[in-house]
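Please open the model in your viewer and set it to show side chains, since this tour moves from one selection to the next.

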Amino acid sequence: MRSEAAPQPVGLERFVSPGKGRGLRARRRYAVGELLFSCPAYAAVLTVSERGSHCDGCFARKEGLSKCGRCKQAFYCDVECQKEDWPMHKLECSAMCAFGQNWNPSETVRLTARVLAKQKIHPERTESEKLLALKEFESHLDKLDNEKRELIQNDIAALHHFYSKHLEYPDNAALVVLFAQVNCNGFTIEDEELSHLGSAIFPDVALMNHSCCPNVIVTYKGTLAEVRAVKEIEPGEEVFTSYIDLLYPTEDRNDRLRDSYFFNCDCRECDTKEKDKEKLEIRKLNEPPSAETVRDMIKYARNVIEEFRRAKHYKYILCLTLAPCTGLVELLEICELSLDKMGAVFEDSNVYMLHMMYQAMGVCLYVQDWEGALRYGQKIIRPYSKHYPSYSLNVASMWLKLGRLYMALENRAAGVKALKR
């Protein structure tokens, strides 16, 4: 028999949000910085590249982690973390031993396997589902195009291929729904520099609707999500988070929302588009570029961002296996060539320029070119502070990166100043 739902967090309530379906609203006033609620992960999986530096159970970064004695590929703070994670790790442990280097399910497949296992061993409602049960997640199945359906079938095939011993599978139709739910409601867990640590399901956090003018942000302590106010929230006011990066102009944001979440945003920011002109700032020239030239360059920028995303994935795999220097040099060349081309039309503060500078900075950090990373970071920080809201984690994370870079390059005064920011 399933237990009753756990009591909802005091001061918050689930309600029907006009035009948006279910949502979350405040029953009392919340001050800026105040914690509205926290939510432990229903299921979480550490990304493969962070194994050895972070605990597979709690995601803590530590030196001298202990490895799983069997597969030698999972690492833990101590025996307690290992025991707590065993019901999930056992899904992968024997498979990793059997497949060796050929064990390579995607992070989505790994997370979905853990959701299936959690549903089996913990059928009652969990501490992560005080406001919203996982079974209530939207799947948007009727809105999936053929490409998305094919990707889900590929994931289902991988699930069957890599997981068998410790999993009981529902039928294919139920798996399609579950993968669609995970795709729409999964979260990326990030560290203090917004680097990817893993993926997780936080049902209560998934209840919040999106706005490009959010009044809360979600941050992570290991596998615990915390929701904090970034604006004053009055009683009766709906609680909004942002599902996407707020750097980009209105059209780009809504393209992303339609592709991943199947809706358009109708917030004040999207209605007025008042920040788009600054975000798409054009270089001041004696002869201003024509509207057609600007449109063509925006199209080029969007294409090169997608090209870099794909190249980054494949070059990263190359870096782990065959030729790390070659792969990273090519990534940096893509960044530099695109910056040269876009720079003929766009100001450095243009968000498409900033995107490629950020990618170039990431490559420099990866190869420990601290001076190169610092040069890009110095160009990024002020436009970031202008385009992002004042509470933005992206701005804070960039100041943190800069502070660490200054310190590494023995510029203590600048380092301290950046870290204070």
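A residue counts as buried when its relative accessible area is under 20%, as exposed when it is over 50%, and as partly exposed in between. The model on display is a predicted one, and the burial classes named at each stop follow those cut-offs.

**Stop 1: the annotated spans**

Begin by colouring residues 10-244, which an unreviewed UniProt entry lists as "domain: SET". This span is 30% helix and 23% strand, and the C-alpha atoms at its two ends lie 28 Å apart. Next, give another colour to residues 55-93, for which UniProt, again in an unreviewed entry, lists "domain: MYND-type". Here the chain is 38% helix and 10% strand, with 15 Å between the end C-alpha atoms.

**Stop 2: aromatic pairs**

The structure holds eight aromatic pairs. Select phenylalanine 99 and phenylalanine 162, whose ring centres are 5.0 Å apart and whose planes meet at 55°, so the pair is classed as tilted. This pair links distant parts of the chain, because phenylalanine 99 belongs to helix α1 (residues 79-99) and phenylalanine 162 to helix α3 (residues 146-162), 63 residues apart. Which of the two rings belongs to a buried residue, and which to a partly exposed one? Phenylalanine 162 is buried, with a relative accessible area of 8%, whereas phenylalanine 99 is partly exposed at 24%.

Now select tyrosine 243 and tyrosine 261, another tilted aromatic pair, with 4.9 Å from centre to centre and 55° between the planes. This pair too links distant parts of the chain: tyrosine 243 is in the loop between β12 (240-241) and α6 (250-261), while tyrosine 261 is in helix α6, 18 residues apart. Tyrosine 243, with a relative accessible area of 27%, is partly exposed. Tyrosine 261 has a relative accessibility of 16%, and because buried means under 20%, this residue counts as buried.

While the loop between β12 and α6 is in view, add isoleucine 244, which is found there and which counts as buried at 9% relative accessibility. If you also select cysteine 39, you can draw the distance between the C-alpha atoms of the two residues, which are 205 residues apart along the chain and separated by 20 Å.

Finish this stop with Phe187, Phe202 and Tyr220, which form one aromatic cluster.

**Stop 3: charges over rings**

Select arginine 28 together with tyrosine 30, and you will find the charged end of the arginine over the tyrosine ring, 4.0 Å from its centre. Then move to lysine 118 and tyrosine 42, where the charged end of the lysine sits over the ring at 4.6 Å from its centre.

**Stop 4: the second largest pocket**

To find the second largest pocket, select Ala41, Gly57, Glu84, Asp85 and Met88, which lie nearest its centre among the 22 residues that line this pocket. The elements that give two or more residues to the lining are β4 (43-46), α1 and α2 (107-121), and α1 gives the largest share, with five residues. The pocket holds about 510 Å³ of space, and its lining divides into 12 nonpolar, four polar and six charged residues.

**Stop 5: the cavity**

How many cavities of 30 Å³ or more are counted? The count comes to one, and the largest cavity has a volume of about 30 Å³. To outline this cavity, select Leu194, Tyr358, Tyr384, Asn394, Ser397, Met398 and Lys401, which line it. Helix α13 (residues 393-408) gives the most to this lining, with four residues, and by type the lining divides into four nonpolar, two polar and one charged.

**Stop 6: two positive phi values**

Most residues other than glycine have a negative phi. Keep leucine 194 selected from the cavity lining, as this residue has a positive phi of about 60° although it is not a glycine; leucine 194 is found in the loop between β7 (186-190) and β8 (196-201). The last selection is phenylalanine 262, another residue other than glycine with a positive phi, near 70°. Phenylalanine 262 lies in the loop between α6 and α7 (268-272), and its relative accessible area of 18% makes it a buried residue.

Technical notes. Residues are numbered from 1 along each chain as its sequence is written. This is a predicted model: local features need pLDDT of at least 70, side-chain atom pairs count only at pLDDT 80 or more; totals for chains, interfaces and linings use all residues. Side-chain values use heavy atoms; hydrogens and water are left out. On a 1 Å grid over the protein atoms alone, a cavity is a set of points where a 1.4 Å probe fits but cannot get out, and a pocket is an open set with protein on both sides within 12 Å along at least five of seven lines; lining residues have an atom within 4 Å of a point. Grid points are joined across faces, edges and corners, and a volume is the space filled by probe spheres set on the points. Ala, Val, Leu, Ile, Met, Phe, Trp, Tyr, Cys and Pro count as nonpolar, Asp, Glu, Lys and Arg as charged, and the others, Gly among them, as polar. UniProt positions are given in the numbering used here, feature names are shortened, and annotations may be inferred rather than shown by experiment. Rings of Phe, Tyr and Trp (its six-membered ring) pair if their centres lie within 6.5 Å; planes under 30 degrees apart count as stacked, over 60 as edge-to-face and the rest as tilted. Buried means under 20% relative accessible area, exposed over 50%, partly exposed in between (1.4 Å probe, protein chains only). A charge sits over a ring if NZ of Lys or CZ of Arg is within 6 Å of the ring centre and within 35 degrees of the ring normal.
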